Amino acid sequence: GTTDSKKKFVILSSYVSTFMSNPLKYFGGASEGELKSNIVNDEALRRNELLEQKYDIEIFEKILYDTNPGGKGSLQGLVENSVKSETVDFDMLSASLYNMGALSLSDSIVDMNAISVFDNFENEWWNQGFIDDVKVNNVVQYALGDITFAALDTVHCVYYNDSLQKELDLPDYYQYVYDGSWTYDKLFEAGKYINKDPNESKRYSYAFLNGTHRWQLYFSSGQRIVERDSDGLLVLSLNENIVNSIFRMFIDDYNDIRDVYSVDGYNNTVSSAIEKFANKEMVFFIYTMDMIDAIGNTYNNSFSLLPLPKYDEEQEDYHSLISPYGACAIAIPESLSANDLEFSANVVEDMAKNSSDYINAFKSYLLEYTKQKDDNNTKNMLDIIYDTSRCDLGIINNIGNIAGQIKNSNSPFDYINKNLTSIIAEINLINSKITAK
């Protein structure tokens, strides 16, 4: 931090998603002018004031619009250069998961798990599921939790046209979620409830984003490109049978029914899918949460949310994929003095601890767009999506380009088996770099 009349706690904050960057601010920053008053910004300021009084500091969010959140853009270069030159002038970093993956391998961010105040990230205000997915050898260099809404706004989910339930005699999809039986075969079966009357206009069971849907399919089926072995080190872990099975289920459904709307960006755009959803021509729209404002502003009726389905009912949990491009995690930079590191860690932990009202305010903000913010089912679905939001280190670090192969191919294992030696070597290199911390 820097010293002025009061000690400053500076947050270098990267803004990635166009949704929420205005009028909402992650940490109450307003470097472009006056901060607009709304339930989220007001809670961010209230949280800041509480910490400012406790630590006798001034909290300042330094906003940066990253030029390339998926690669080495302005944010990543700034952080790496300031760490190497020991000119770090910020106490906390908020950056895309892609950037965090790169920074974790360039000695730019600290192992927060080695700092006692974080208590192994076992407290309820941290997203333990996400942390387990990015932890290597018990090293945690970036984290998510109540401290920022910058992951919930880009998590993958299912928009649900629940007003069609009675009209089409649809099953109770909420109950499926509650009893753990919301699976992909239930999603695919939606086709049999629609287009019964040839005189009615055509309806679609669901829309998906072509390519990204394969990430959604494998991840929500509980699969990961990499997992941890008994020593906490990364190992290749995709289950070929499950991944091939879920991809085949999708292909069979798409080919058999043809009531599926593929958003390809050319013939079928996101805007056209939203319009069909808003016209009640579609039961489900599988996309990220940052589309909720566009849907809410287009749709006159209410709608709801569901988590991504499971592979089968034997799968224990739902897995809601966080976008590695749009979501931002938090970290603490290297090269701070021992005193500044302790100061930064204490404020970060305290900020997270005092963020339950802030994250709940953001949930309320999202629910306003559904036009049924007081509906218990919709609120419960959003809670489930948030509580099961995670990511895959294999995507974040694009290990072996497997994530790219999954996105672009129904048969990624041909590539994996052909390049297995180099993929394992890359995994071992990541293990050695992070273990060295």
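Trainee: Is Arg203 buried or exposed, and what is its relative accessible area?
Mentor: Keep in mind that we are looking at a predicted model. Buried means under 20% relative accessible area. The value for Arg203 falls below that cut-off, so the residue is buried, with a relative accessible area of 12%.

Trainee: Arg203 forms a salt bridge; with which residue?
Mentor: Look for the carboxyl oxygen that pairs with a nitrogen of the Arg203 side chain. The closest N and O atoms are 2.7 Å apart, and the partner that supplies the oxygen is Glu167.

Trainee: How many residues apart are the two, given that the pair links distant parts of the chain?
Mentor: Arg203 sits in the loop between α7 (184–188) and β5 (204–209). Glu167 belongs to helix α5 (residues 164–168), and the two partners are 36 residues apart.

Trainee: What is the relative accessible area of Glu167?
Mentor: Partly exposed residues lie between the 20% and 50% cut-offs. Glu167 falls in that range, so it counts as partly exposed, with a relative accessible area of 46%.

Trainee: How far apart are the closest N and O atoms of Glu43 and Arg46?
Mentor: Glu43 and Arg46 are three residues apart in helix α1 (residues 39–55), which means about one helical turn separates them. Arg46 is partly exposed, at 30% relative accessibility. The two form a salt bridge, with their closest N and O atoms at 2.7 Å.

Trainee: Which residue forms a salt bridge with Glu281?
Mentor: Glu281 counts as buried because its relative accessibility is 19%. Its partner is partly exposed, at 22%. The closest N and O atoms are 3.7 Å apart, and that partner is Lys276.

Trainee: Which residues are joined into one network by salt bridges that share partners?
Mentor: A search of the whole structure finds 16 salt bridges. Where they share partners, they can be followed from residue to residue, and one such network joins Asp133, Arg224 and Arg390.

Trainee: Let's turn to the rings. How many degrees lie between the planes of Phe9 and Phe343?
Mentor: The whole structure holds 32 aromatic pairs. For Phe9 and Phe343, the ring centres are 5.9 Å apart. Planes over 60 degrees apart count as edge-to-face. This pair is edge-to-face because its planes are at 75 degrees.

Trainee: How many residues apart are Phe9 and Phe343?
Mentor: Phe9 is in strand β1 (residues 7–15), whereas Phe343 is in helix α12 (residues 338–353). Phe9 is buried, with a relative accessible area of 0%, and Phe343 is buried too, at 12%. The pair links distant parts of the chain, its members being 334 residues apart.

Trainee: Which residues do ring pairs link into a cluster?
Mentor: Start from Tyr26 and Phe27, an edge-to-face pair with 6.3 Å from centre to centre and 70 degrees between the planes. Both of these residues are buried. The cluster that contains them is made of Tyr15, Tyr26, Phe27, Tyr65, Phe149, Tyr358 and Phe362.

Trainee: Which helix gives the largest share of the largest nonpolar core?
Mentor: That core has 151 residues, and Trp126, Tyr159, Phe284, Phe285 and Met289 have the most contacts inside it. Eight residues make up the largest share, and they come from helix α13.

Trainee: How many residues of helix α8 are buried?
Mentor: Helix α8 covers residues 212–220 and is mostly covered. Among its buried residues are His213, Arg214 and Trp215. The count of buried residues is nine of nine.

Trainee: What do the buried residues of α2 pack against?
Mentor: Helix α2 spans residues 74–84, and its buried residues include Leu75, Val79 and Val83. Just after α2, Glu86 takes a positive phi of about 55 degrees. The buried residues of the helix pack against β1, β2, β3 and α3.

Trainee: Which residues make a nonpolar surface patch of about 200 Å²?
Mentor: One member lies in strand β7 (residues 234–236). This residue, Leu236, counts as partly exposed because its relative accessibility is 30%. The patch is made by Leu236, Leu420 and Ile424.

Technical notes
Residues are numbered from 1 along each chain as its sequence is written. This is a predicted model: local features need pLDDT of at least 70, side-chain atom pairs count only at pLDDT 80 or more; totals for chains, interfaces and linings use all residues. Side-chain values use heavy atoms; hydrogens and water are left out. Patches are made of residues with over 30% relative accessible area and no salt bridge: like charges are joined within 9 Å, nonpolar side chains (Val, Leu, Ile, Met, Phe, Trp, Tyr) within 5 Å. Accessible areas come from the Shrake-Rupley method with a 1.4 Å probe; for residues, only the protein chains shown count as cover. A salt bridge is a side-chain nitrogen of Lys or Arg within 4 Å of a carboxyl oxygen of Asp or Glu. Helices (H or I, at least four residues) and strands (E, at least two) are DSSP runs, numbered from the N terminus. Buried means under 20% relative accessible area, exposed over 50%, partly exposed in between (1.4 Å probe, protein chains only). A nonpolar core is a set of buried Ala, Val, Leu, Ile, Met, Phe, Trp, Tyr and Cys residues joined through side-chain atoms within 4.5 Å. Rings of Phe, Tyr and Trp (its six-membered ring) pair if their centres lie within 6.5 Å; planes under 30 degrees apart count as stacked, over 60 as edge-to-face and the rest as tilted. Contact means heavy atoms within 4.5 Å.
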